[in-house]
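Q: Got a minute to go through this one with me? I'd like to talk about packing and charged pairs.

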Amino acid sequence: MPHRILFATQRYQYLKDRLLSLMPEWEEGVLDIRDFPDGEHYHRITSKVANKEVILVGGTIDDKETLELFDIAHGCIQEGACAINIVIPFFGYSTMERAVKKGEIVKAKTRALLFSALPPTSSGNKVLMMDLHVDGITYYFESAIRPVHLYGKDLVKEAALEIAGNRPFVLASTDAGRAKWVESLANDLHVSAAFVFKKRISGEETHITAISADVQDKLVIIYDDMIRTGGSLLHAAEAYLQAGACEIAVITTHGIFAGNGFEKIKQSGIIKKVVCTDTHPNALAINDELLTIKSVDKIIAEYFN
């Protein structure tokens, strides 16, 4: 097995540190990074990567981060890495996985094609992604790149049991789109699953018409793959409360909390607990007792064991 060396983009250094503590046999990759006044960015790989297996961690959380991830990956290949594993904890633009209106650019695919353009290494290129919004995104990658979809299912189940304690609960989703995933989790936990039926009024407005399960006097734990602004989540939470739920808690893999998303959730007063993972750095900037953050470090490390 070739020697493994671990790099990370600037905003994912925290996950690199966690992985190194779990896998001390991995070498820490070192980069020299500088930003210029004109907005350009300098990167230099100062570690030797020739004939080593590179593990590179970075989310495509914005265009700058995406290009930094691509640049570092390309640099490692150029320097002679025998294999490269690009770990993308949060794959951006995953909700733009298809065109709804004529002329819309399917950016989940263009981002996949970007990484597909990396030159091949002798032992292969892989892209590892966590809890994708749509499973089919893996099929957007082309050439010799091998996509791998990692699942945070065990973390979600662990979080649900910690929230519930000894209380019975219903595992719920924000809409029918995530129903199969939530149903699978609920079956593993031996609890009931619930989801809401929505009717779209306009491009910006939906109306909840029904709930699929009895939630009267029950703890409802809502799972969604990501929380962005929190709007859909709060609509669903209100519906479950109106249907008789006694308490609402939330689990999400990707805590994006765009804008004032987390504050909106907190100020609503209707959600008593939020659990997310550390796939997105935004969550780590929040210091609030309402939020618990679990790391995906073990899931990533276990893949390489």
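Q: What do the buried residues of α1 pack against?
A: In this predicted model, they pack against three strands, β1 (4-8), β2 (27-28) and β5 (53-57), plus the helix α8 (297-304).

Q: And which residues in α1 are buried?
A: The helix covers residues 13-22, and the buried ones are Y14, L15, K16, L19 and L20.

Q: Switching to charges: how many salt bridges does the count come to?
A: The count comes to 15.

Q: Ok, E53 and R4: what's the N to O distance in that salt bridge?
A: Their side chains meet at 3.0 Å, N to O. The pair links distant parts of the chain, with E53 in strand β5 and R4 in strand β1, 49 residues apart.

Q: Is E53 buried or exposed?
A: Buried, with a relative accessible area of 10%. R4 is buried as well, at 14%, and the cut-off for that label is under 20%.

Q: What about D154 and K157, how do their side chains meet?
A: In a salt bridge with an N to O distance of 3.6 Å.

Q: How far apart are D154 and K157 in α4?
A: They sit 3 residues apart in that helix, which runs over residues 153-164, so about one helical turn separates them. The background is that an α-helix has 3.6 residues a turn, so residues three or four places apart point the same way.

Q: And D154, buried or exposed?
A: D154 counts as exposed, at 58% relative accessibility.

Q: Which residues are linked with D154 in a network of salt bridges?
A: K153, K157 and D188 are linked with D154 in that network.

Q: D188 is in α5, right? At what angle do α4 and α5 pack?
A: Yes, D188 belongs to α5 and is part of the contact with α4. The two helices pack at about 60°, with their axes 11 Å apart, and α5 spans residues 179-189. That angle makes α4 oblique to α5.

Q: Is that crossing left-handed or right-handed?
A: The crossing of α4 and α5 is right-handed.

Q: Which residues make the contact?
A: From α4 you have K153, V156, K157, A160 and L161, and from α5 W181, S184, L185, D188 and L189. By class, the residues of this α4 and α5 contact divide into 6 nonpolar, 1 polar and 3 charged.

Q: Back to charged pairs for a sec. What do the side chains of E247 and R167 meet in?
A: A salt bridge, 3.0 Å from N to O. E247 lies in strand β14 (residues 247-255) and R167 in the loop between α4 and β9 (169-172), so the pair ties together parts that are 80 residues apart in sequence.

Q: How accessible are E247 and R167?
A: E247 is partly exposed at 23% relative accessibility, and R167 is partly exposed too, with a relative accessible area of 37%.

Q: Last one: how do α6 and α7 pack?
A: Helix α6 (residues 231-242) and helix α7 (residues 261-268) pack at an angle of about 15°, with 10 Å between their axes. They are therefore roughly parallel to each other, and α6 passes α7 in a right-handed crossing.

Q: Which residues meet there?
A: G231, L233 and L234 in α6 meet K264, I265 and S268 in α7. The α6 and α7 contact has 3 nonpolar, 2 polar and 1 charged residues.

Definitions and conventions
Residues are numbered from 1 along each chain as its sequence is written. This is a predicted model: local features need pLDDT of at least 70, side-chain atom pairs count only at pLDDT 80 or more; totals for chains, interfaces and linings use all residues. Side-chain values use heavy atoms; hydrogens and water are left out. Buried means under 20% relative accessible area, exposed over 50%, partly exposed in between (1.4 Å probe, protein chains only). Helices (H or I, at least four residues) and strands (E, at least two) are DSSP runs, numbered from the N terminus. Contact means heavy atoms within 4.5 Å. A salt bridge is a side-chain nitrogen of Lys or Arg within 4 Å of a carboxyl oxygen of Asp or Glu. Axes are lines fitted to C-alpha atoms, for helices over the stretch in contact, and angles run from 0 to 180 degrees between N-to-C directions. Angles under 35 degrees count as roughly parallel, over 145 as roughly antiparallel, 65 to 115 as roughly perpendicular and the rest as oblique. A crossing is left-handed if the near helix is turned anticlockwise from the far one by less than a right angle, and right-handed if clockwise. Ala, Val, Leu, Ile, Met, Phe, Trp, Tyr, Cys and Pro count as nonpolar, Asp, Glu, Lys and Arg as charged, and the others, Gly among them, as polar.
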